[in-house]
Number of protein chains: 2
Amino acid sequence: MFQTVNFVKKNILSARKPLCYQHSREADLAETEEKKREKRGWRQNPDAVKRDILSVAIEEFAAHGLSGARIHSIAAKTRTSKRMIYYYFGDKKGLYVRALEEAYSEVRAGETELDLGQLTPRDALARLVSFTFDHHRSHPEFIRMVMIENIHQAENLTGSEVIRRLNLSAIKKLEDICRRGEAEGVFRKGLDPVALHWQISAASFFNVSNRPTFSAIFGEDLFSDDAQIKIRSQVVDAILHLVEPRPKPGEES
Amino acid sequence: MFQTVNFVKKNILSARKPLCYQHSREADLAETEEKKREKRGWRQNPDAVKRDILSVAIEEFAAHGLSGARIHSIAAKTRTSKRMIYYYFGDKKGLYVRALEEAYSEVRAGETELDLGQLTPRDALARLVSFTFDHHRSHPEFIRMVMIENIHQAENLTGSEVIRRLNLSAIKKLEDICRRGEAEGVFRKGLDPVALHWQISAASFFNVSNRPTFSAIFGEDLFSDDAQIKIRSQVVDAILHLVEPRPKPGEES
DNA sequence: GACGAAATTAACCGTCTGGAACATTTTGCG
DNA sequence: CGCAAAATGTTCCAGACGGTTAATTTCGTC
């Protein structure tokens, strides 16, 4: 499905821009009001403008990178103008940082839906891994933003307290599971939740981030829905194995 | 060590350019010859020029991405000129593709040093995983080139037969191990070498590619030499577990 | 309704950047 | 040597791109 992407360099096209942003519940009484504005005139709607810009910015930055994305292209895909971007976000970097934060927020918000309270530690962990794997798959634009940020040595992310907070809270679930598992004796002692998170992220992230090169070399087979389910269960198996109490106390650094 | 990177935006500096490329074994008889050229004049050395350009190109593309890298910056870090880049590589994309190929070649060349002939399948696999993990760590610029290529949907890699060949040969070792392990009954049946390679790559690659964001959020702890050894052994454990014959023949898709 | 602040439009600018044109020198070869 | 081809140096440019200035309109509020 994805194999022929047919890269369109300049897709500043189509999508006739509506003259103004419609406020939520006034489409009905718009007729009389709007006609007065038809010649020249507009409605103000700062929030909608900002949201519009941000969502397009995520698309564009995710697609072309920080320096690859073009402010004028972003503006073109928006219902507003380039000037507004500078008005609200200062400069390109400012927009990028906000877009990055926004991408993180959206994804972390989705994660909070996962409820593991009722499950045994083992089942909870399996569920968490499985969920994370799927969640990454369904948010490729977020993955791409993180890839790009990594290329930039995370220098923008470092400054963003917003993002650090979001991520630290994301590891809470894992910490709980570990604690419960250790307490019940079904997990090995001394587990490091961060290291475990590393393992889970590595598989889930790589699966999306490196799909293009991997499938270019080895074919798309591994990325069919069926194959992905297998891969995912392998990942779950591997992670569960890492938390199991060591059978023999022989030490092996 | 790495935490304060102190980004220098324009490092087009220092490094006095020698007037010409010295051929390998003529530094000695250079005195008489060279003095005639001192005013204006140069030696030709196409191969050295190409190599010089490519190595700088890898640095720059890896650091700033395809669109972030600047031809004139690349030229500046070279002992030759912008003109030569276009002379030998046509345009920016051409240079990028060659740099990508070069990066792959260098890394794959390093991999051939690994000899697993004498080891049991299990030991061989453990060794391969361990080696791959380290090898990725010691070639961050390669990792970054691949990250960048992924952001570009692998569209350049797709066209390069060179790279596909290099990579397919890279999986040969793994295929051998799997076959031997299955034959000896120490590995489970029906292993997919590509899927296994996916697992190994995921950990090894992510470890380098996502270090910036990961350590920005969770700290550098996991990336100390000691911690990396632990992580690596976890990865080895996890992979080995994946190839072990299933203890109970209960089927679990 | 008037008025100041916020939002939006429209036009403009200086620089950076990929790339090309043209000139000159070197090198292999008969 | 002489000559053509390859390699290198020098100079310049057209368009792209990030960003700005100034004018206009809308909106909340007194």
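Okay, quick definition before anything else: when I say contact, I mean heavy atoms within 4.5 Å. And keep in mind that what you're looking at is a predicted model.

So, how do the two chains meet? Of the interface residues of chain B, 98% are also interface residues in chain A, so the copies meet through the same surface.

Now the symmetry. Two copies of a chain are related by a rotation about an axis and a shift along it. Here, a turn of 180° with a shift of 0.0 Å along the axis lays chain B on chain A, and the RMSD is 0.1 Å. That's the relation of a two-fold axis. If you want to find the axis on screen, go to Ala238(B): among the residues of chain B, its C-alpha comes closest, at 2.5 Å.

Okay, on to the holes. Rolling a probe the size of a water molecule over the atoms shows where empty space is left. Searching the whole structure turns up five cavities of 30 Å³ or more. The largest one holds about 200 Å³ of space.

What lines that largest cavity? There are 16 residues, and the ones nearest its centre are Arg108(B), Asn167(B), His197(B), Ser201(B) and Phe205(B). By type, the lining splits into eight nonpolar, six polar and two charged residues.

Both chains chip in, by the way. From chain B, helix 5 (92-111), helix 7 (140-151) and helix 11 (193-209) each supply at least two lining residues, and so does helix 12 (211-218) of chain A. Which helix gives the most? That's helix 12 of chain A, with four residues.

Technical notes
Residues are numbered from 1 along each chain as its sequence is written. Chains are lettered from A and ligands numbered from 1 in the order in which they are written. This is a predicted model: local features need pLDDT of at least 70, side-chain atom pairs count only at pLDDT 80 or more; totals for chains, interfaces and linings use all residues. Side-chain values use heavy atoms; hydrogens and water are left out. On a 1 Å grid over the protein atoms alone, a cavity is a set of points where a 1.4 Å probe fits but cannot get out, and a pocket is an open set with protein on both sides within 12 Å along at least five of seven lines; lining residues have an atom within 4 Å of a point. Grid points are joined across faces, edges and corners, and a volume is the space filled by probe spheres set on the points. Ala, Val, Leu, Ile, Met, Phe, Trp, Tyr, Cys and Pro count as nonpolar, Asp, Glu, Lys and Arg as charged, and the others, Gly among them, as polar. Copies are superposed by least squares on the C-alpha atoms of residues with pLDDT of at least 70 in both.
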